[in-house]
Amino acid sequence: MIQCLQTMACEYAILAIMIYIGLRCFFQRNNQLIRRFSHFVVGIIIFQIINIPVRMIDAGLAHMSQITVFVLNSAFMIAETFVTYEWFVFFEHVQASFLSKSKLVIWFGIVPLVLITVLSIASWWTHWLFYADDAGVYHRGTLFALQIVLPYTYVVVTLVSAVAYSI
């Protein structure tokens with residue numbers, strides 16, 4: 001229980017820090033790079049706001065209905081993927097890499113975000129990624145690994161891009 005409370009305190013601290021950074025970025029919106037970074041920051045703020053009740057449910061501090069758990073977990077997965085996508089876009093623009101100059105690559109980059117959105121919504125019927133039982137308890141689905149693979153595809157591409165750029 002103490003570990004859950006410590007984790008939640010960290011979640012609140014991250015949220016407060018990101019709100020502060022977001023407000024600082026908001027007042028500098030005339031800079032295109034800052035604007036791209038602010039999209040990333042807004043994504044983290046949304047992700048953290050969704051993450052707090054998800055962590056409360058996981059810790060047993062709150063009990064919610066099946067539909068609420070499903071919506072929160074779907075939103076959590078979509079927000080996590082959105083954050084890593086925004087990081088990918090921001091990082092590629094900072095590097096001024098060939099990936100940021102190609103509209104096709106940026107549009108192709110949306111594929112993991114679309115997939116996680118479709119799969120998480122479809123999980124209500126298919127239980128592919130996850131499902132919530134009648135008591136509102138989260139359970140992993142048969143394609144659970146995609147919850148991790150899809151968001152971190154952006155991180156891997158950014159890492160490879162950074163290494164390639166540094167060479």
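# Helix packing and a pocket: worked exercises

The chain has seven helices and two strands. The model is a predicted one.

**Exercise 1.** In what order do the elements of the chain run from the N terminus on? Then give the box that the C-alpha atoms fill.

*Solution.* Read from the N terminus on. The order is α-α-α-α-α-α-β-β-α. Next, take the principal axes. Along them, the C-alpha atoms of the chain fill a box of roughly 50 × 35 × 25 Å.

**Exercise 2.** Are α3 and α7 roughly parallel or roughly antiparallel to each other? Describe their contact by residue class.

*Solution.* Start with the axes. Those of α3 and α7 come within 8 Å and cross at roughly 10°. Now apply the cut-off: angles under 35 degrees count as roughly parallel. Therefore α3 and α7 are roughly parallel to each other. Next, find the contact residues. On the α3 side they include Met77, Glu80, Trp87 and Phe91. On the α7 side, Gln147, Tyr152, Val155 and Tyr165 are among them. Last, sort by class. This contact of α3 with α7 has 12 nonpolar, six polar and two charged residues.

**Exercise 3.** How is α3 directed relative to α6? Sort the residues of their contact.

*Solution.* Take the angle first. The axes of α3 and α6 cross at roughly 170° and come within 9 Å. Angles over 145 degrees count as roughly antiparallel, so α3 is roughly antiparallel to α6. Then list the partners. From α3 come Gln66, Ile67, Phe70 and Met77, among others. From α6 come residues including Pro112, Leu113, Ile116 and Trp124. The residues of this contact divide into 10 nonpolar, six polar and no charged.

**Exercise 4.** Work out how α6 and α7 are directed relative to each other. Which hand does their crossing have?

*Solution.* Helix α6 covers residues 111–126. Its axis and that of α7 come within 9 Å and cross at roughly 160°. That angle is over 145 degrees, so α6 and α7 are roughly antiparallel to each other. The crossing of α6 past α7 is left-handed. Now name the contact. Val111, Pro112, Leu113, Leu115, Ile116 and Leu119 belong to α6. They meet Leu146, Gln147, Leu150, Thr153 and Tyr154 of α7. By class, the contact of α6 with α7 holds nine nonpolar, two polar and no charged residues.

**Exercise 5.** What lines the largest pocket, and which helix gives the most to the lining?

*Solution.* Begin with the space: about 230 Å³ lies in the largest pocket. Next, identify the lining. Val54, Arg55, Asp58, Asn73, Phe76, Met77, Glu80, Tyr138, Phe144, Gln147, Ile148 and Tyr152 form it. Then assign helices. α2 (32–59), α3 (66–95) and α7 (146–166) each supply at least two residues of the lining. α3 gives the most, with four residues. Finally, sort by class. The lining has seven nonpolar, two polar and three charged residues.

How values were computed: Residues are numbered from 1 along each chain as its sequence is written. This is a predicted model: local features need pLDDT of at least 70, side-chain atom pairs count only at pLDDT 80 or more; totals for chains, interfaces and linings use all residues. Side-chain values use heavy atoms; hydrogens and water are left out. On a 1 Å grid over the protein atoms alone, a cavity is a set of points where a 1.4 Å probe fits but cannot get out, and a pocket is an open set with protein on both sides within 12 Å along at least five of seven lines; lining residues have an atom within 4 Å of a point. Grid points are joined across faces, edges and corners, and a volume is the space filled by probe spheres set on the points. Ala, Val, Leu, Ile, Met, Phe, Trp, Tyr, Cys and Pro count as nonpolar, Asp, Glu, Lys and Arg as charged, and the others, Gly among them, as polar. Axes are lines fitted to C-alpha atoms, for helices over the stretch in contact, and angles run from 0 to 180 degrees between N-to-C directions. Angles under 35 degrees count as roughly parallel, over 145 as roughly antiparallel, 65 to 115 as roughly perpendicular and the rest as oblique. A crossing is left-handed if the near helix is turned anticlockwise from the far one by less than a right angle, and right-handed if clockwise. Contact means heavy atoms within 4.5 Å.
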